[in-house]
Amino acid sequence: MTTLNHQWVLASRPQGEVTPDNFRLVEAPVPAADQLADGQVVVRHHYLSLDPYMRGRMNDSKSYAEPQPLGQVMIGGTVGEVMASKHPRFAVGDKVLGMGGWQEVSVMDANVRGALTKVDTTHIPLSAYLGSVGMPGVTAWYGLIKIIGPKAGETVVVSAASGAVGSVVGQLAKARGCRVVGVAGGADKCQYVVDELGFDACIDYKAHPDPKSFYAALKAATPQGIDGYFENVGGMILDAVLLRMNAFGRIAMCGMIAGYEGQPTPMQNPALILVNRLKVEGFIVSEHPEVWPEATKELGTLVATGQMKFRESIAQGLSSAPEAFMGLLKGKNFGKQLVKLI
Ligand code: NDP
């Protein structure tokens, strides 16, 4: 059994963009099996999930969640294998999902509800429980199904379309008979979204850096206007989408990554919400645990049967986590960003 655990702690809060010195690598011993308290489970992480929400937690500002404390292991979803257990429901060798954080090994209190979940890897790869069949997949499912409520024949647009959330949104909307248009950064990402994921069209916002040009491309791709918009980015993309929304359209406000490092993301014409009688609803997936069973059942079936495609960007080794995270905030990832730890 591994005896030494490597961990990334938050060393300082970013001023604007995240820098490597915001993180510090430390070591801690792994407790031996006979040192565990009742209910404790030791998990060797196989993958760490890197997610945009972590950027918000690094700030000490008012938000929907408490800030990440300085000097403590960075928060993060993990999947791995049980190495030792003093809990009757978990046995050595079980594959599990939890919030193990940016470290190689975690000691979890499995008596805490939801802290550790056993996962079945017979038909679904372990890493997918951090992506399409995990938190990002459920996020896509909630925003699309519960907020946008897509109907066959409607047009749905999603930004950050090649990513962990966006790729699921588009495939679920296609399965419900919608015309689906993605927005992504770069020709490669757009080609993947259309050719591999089956979207009807994708607009490369980097090829249309000015609002007029982007709007023209969006108009051409949405001849019937837009009924549902799944927002992951904000800024120029949201402004252009608002101009194309049909009356009584629905917008799921999921993320605004264009502003996560402090960039201003003004909205040019909020009156369009009124004029078009739009429903605009923000949501945080962790506040909707009630949809998890229904959402993961559909997502799990689609992934297990190969009907839902996904792509991963995998950084190797715990030491690569800060750089991979900084890359995620600049669009360097192509699909779900993970760190492989074993
Ligand atoms: P992705 O896998 O989509 O990765 C992030 C992507 O965002 C990048 O690949 C990049 O794609 C895009 N991006 C990064 N920076 C910018 C920028 N400055 N301007 C425009 N696009 C940018 O991440 P996720 O799928 O995990 O997350 C997508 C969104 O969903 C995020 O906004 C996240 O915060 C949000 N989210 C919200 C949740 C909730 O409960 N509300 C839960 C989970 C996620 P590209 O190269 O195409 O621009």
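Let's start with burial. Of the 342 residues in the chain, 54% are buried. Keep in mind that this is a predicted model. The surface comes next. The chain exposes about 15100 Å². Carbon and sulfur atoms supply 54% of that area.

Now the overall build. The chain has nine helices and 15 strands. Its radius of gyration is 21 Å. A compact globule with 342 residues would come out near 20 Å, so the chain agrees with that expectation. Along the principal axes, the C-alpha atoms fill a box of roughly 65 × 45 × 35 Å.

How do contacts run along the sequence? Take the contacts between residues at least 6 apart. Of these, 67% join residues at least 24 apart.

A quick word on charge. The chain carries 31 positive and 31 negative charges. How far apart are their mean positions? They are 5 Å apart.

On to one element, helix 9. This helix covers residues 321-328. Is helix 9 mostly covered or mostly open? Mostly covered: seven of its eight residues are buried. Here they are: Ala321, Pro322, Ala324, Phe325, Met326, Gly327 and Leu328. What do those buried residues pack against? Start with the strands early in the chain: strand 1 (4-10), strand 2 (23-29) and strand 3 (40-49). Helix 1 (53-57) is a partner too. Then come strand 14 (312-316) and strand 15 (336-340).

Next, the cysteines. A disulfide is a covalent bond between the sulfur atoms of two cysteines. How many disulfides does the structure hold? Zero. Cys178 is in no disulfide, and its nearest cysteine sulfur, in Cys202, is 17 Å away. Cys178 counts as buried because its relative accessibility is 2%. Now Cys254. The closest cysteine sulfur to that of Cys254 is also in Cys202. The gap is 17 Å, so it is too far for a bond. Cys254 is partly exposed, at a relative accessible area of 23%.

Two residues deserve a look at their backbone. The first topic is Phe248. Phe248 is not a glycine, yet its phi is positive, at about 65 degrees. Where is Phe248 found? In strand 12, residues 245-253. Is Phe248 buried or exposed? Exposed, because its relative accessibility is 54%.

Then Arg277. Phi of Arg277 is also positive, near 50 degrees, and again the residue is other than glycine. Arg277 sits in a loop, between helix 7 (271-275) and strand 13 (279-282). Arg277 is partly exposed, with 44% relative accessible area.

Last stop, Ala161. Ala161 is in the loop between strand 8 (155-159) and helix 3 (164-175). Why does Ala161 count as buried? Because its relative accessibility is 0%. Which residues does Ala161 contact, leaving aside neighbours within four places in sequence? Gly166 and Ser167 are among them. So are Gly182, Val183 and Ala184. Val193, Leu197 and Phe199 complete the list. One more pairing to point out. Ala161 and Glu231 are 70 residues apart in sequence. In space, their C-alpha atoms are 9.9 Å apart.

To recap for the screen. Helix 9 is mostly covered. The structure has zero disulfides. Phe248 has a positive phi and is not a glycine. Ala161 counts as buried, at 0% relative accessibility. That's the tour.

Key:
Residues are numbered from 1 along each chain as its sequence is written. This is a predicted model: local features need pLDDT of at least 70, side-chain atom pairs count only at pLDDT 80 or more; totals for chains, interfaces and linings use all residues. Side-chain values use heavy atoms; hydrogens and water are left out. Helices (H or I, at least four residues) and strands (E, at least two) are DSSP runs, numbered from the N terminus. The radius of gyration is taken over C-alpha atoms; the globule rule is 2.2 Å times the number of residues to the power 0.38. Buried means under 20% relative accessible area, exposed over 50%, partly exposed in between (1.4 Å probe, protein chains only). Contact means heavy atoms within 4.5 Å. Accessible areas come from the Shrake-Rupley method with a 1.4 Å probe; for residues, only the protein chains shown count as cover. Lys and Arg count as positive and Asp and Glu as negative; His and the chain ends are not counted. The place of a charge is taken as NZ of Lys, CZ of Arg, CG of Asp or CD of Glu. A disulfide is a pair of cysteine sulfur atoms within 2.5 Å.
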